[in-house]
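Q: I'm new to this structure and would like a close look at one part of it. Could you walk me through the aromatic pair and then show me what surrounds it?

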Amino acid sequence: MKFSRVFLFVFACLVALSAVSAAPEPRWKVFKKIEKLGQNIRDGIIKAGPAVAVVGSAAAIGK
């Protein structure tokens, strides 16, 4: 008798836990914003590379 009650209770808990849906994802995604910030910094460095080289060569010529 006790075993059937325990089994029924465990089965009810499993059914209840399987019916619960996960919490929705937040609208703001912190890691996506950090990733986008890193990509913007990387792109800025890549775009500034030729300008830095020109300034360096101009400074070398001026000396």
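A: Here is a walk through the aromatic pair, followed by the rest of the protein. The model is predicted, so local features need pLDDT of at least 70 and side-chain atom pairs count only at pLDDT 80 or more, while totals for chains, interfaces and linings use all residues. Residues are numbered from 1 along each chain as its sequence is written, and side-chain values use heavy atoms, with hydrogens and water left out.

A search of the whole structure turns up 1 aromatic pair (rings of Phe, Tyr or Trp, the last by its six-membered ring, with centres within 6.5 Å; planes under 30 degrees apart are stacked, over 60 edge-to-face, the rest tilted). The ring centres of F3 and F7 are 6.4 Å apart and their planes sit at 20°, so this pair is stacked. Both F3 and F7 belong to helix 1, residues 2–19, and are 4 residues apart, about one turn of the helix. The protein has 2 helices and 0 strands (DSSP runs, H or I of at least four residues for helices and E of at least two for strands, numbered from the N terminus).

F3 and F7 are both exposed (over 50% relative accessible area; buried is under 20%, partly exposed in between, with a 1.4 Å probe and protein chains only). As for the whole protein, buried residues make up 0% of its 63 residues.

Elsewhere, the search finds 1 salt bridge (a Lys or Arg side-chain nitrogen within 4 Å of an Asp or Glu carboxyl oxygen). It joins R42 and D43 at 3.1 Å, N to O. R42 is partly exposed at 46%, and D43 is partly exposed at 32%.
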